[in-house]
Amino acid sequence: MADCVFCKILAGEIPSDKLYEDETILAFRDIQPQAPVHFLVIPKTHIAGASEITEQNSQTVAHIFEVIPRLAAQEGLTDYRIVTNNGEQAGQTVHHLHFHVLGGRTGGALY
Ligand code: AMP
Ligand code: ZN
């Protein structure tokens, strides 16, 4: 996708602070963290958002959810929130499926 910021990160056209990468997914720190630990996990294929998840691509989504606990543990998190915004009215600003992983704040605060 030509003007997708996350596709540009995947293509190496925009730098990112990578936490993890394999054949199908990439994890990197959010540029504007909303919590002490805030990273994003994305599929390497351009999926516009959660409403575009299908039987054909859900394996990658399942894989993301297998990797998130490992990355959270690496970041020292036991408690964390996983968020995805679908559609602009829900706060989606980048139209490439991504899961926010947020944690590191004590006291039960919502992120
Ligand atoms: P959303 O509002 O759910 O679409 O989330 C998009 C997220 O991407 C926001 O939290 C942004 O801070 C983050 N973001 C945008 N551009 C970059 C970038 N170049 N590197 C890292 N995170 C980014
Ligand atoms: Zn994209």
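In the predicted model, cysteine 4 and cysteine 7 are both buried. The relative accessible area of cysteine 4 is 7%, and cysteine 7 has a relative accessibility of 13%. Cysteine 4 therefore counts as buried, since 7% falls under the 20% cut-off. Cysteine 7, at 13%, is buried because the limit is under 20%. No pairing of cysteines accompanies this burial, as a search of the whole structure returns zero disulfides.

Both cysteines serve as donors to the zinc ion (ligand 2), each through SG. The other protein donors are His46 and His96, each through ND1, and the donors lie 2.1 to 2.3 Å from the zinc ion. Along the sequence, the donor residues follow the spacing C-x2-C-x38-H-x49-H. The angles among the four donor atoms run from 104 to 115°, and the site is tetrahedral. For four tetrahedral donors, the ideal angle at a metal is 109.5 degrees.

The largest nonpolar core holds 16 residues, of which Phe39, Val41, Ile64, Ile68 and Phe99 touch the most other members. Two or more residues each come from strand S2 (25-29), strand S3 (37-43), helix H2 (58-74) and strand S5 (99-103). The most are given by H2, which contributes six residues. Beyond its neighbours within four places in sequence, phenylalanine 39 is in contact with residues including Leu19, Phe28, Leu71, Ala72, Phe99 and Val101. Its contacts also include Arg29, Asp30, Glu75 and His100. A second, separate core is made up of nine residues, among them Phe6, Ile9, Leu26 and Ile42. In soluble globular proteins, nonpolar side chains tend to be buried together.

Methods
Residues are numbered from 1 along each chain as its sequence is written. Chains are lettered from A and ligands numbered from 1 in the order in which they are written. This is a predicted model: local features need pLDDT of at least 70, side-chain atom pairs count only at pLDDT 80 or more; totals for chains, interfaces and linings use all residues. Side-chain values use heavy atoms; hydrogens and water are left out. Donors are N, O and S atoms within 2.8 Å of the metal (3.2 Å for Na, K and Ca); water is not among the atoms, so sites may look incomplete. Four donors count as tetrahedral if all angles lie between 85 and 135 degrees; four count as square planar and six as octahedral if opposite donors are over 155 degrees apart and all others between 65 and 115; anything else is irregular. Buried means under 20% relative accessible area, exposed over 50%, partly exposed in between (1.4 Å probe, protein chains only). A nonpolar core is a set of buried Ala, Val, Leu, Ile, Met, Phe, Trp, Tyr and Cys residues joined through side-chain atoms within 4.5 Å. Helices (H or I, at least four residues) and strands (E, at least two) are DSSP runs, numbered from the N terminus. Contact means heavy atoms within 4.5 Å. A disulfide is a pair of cysteine sulfur atoms within 2.5 Å.
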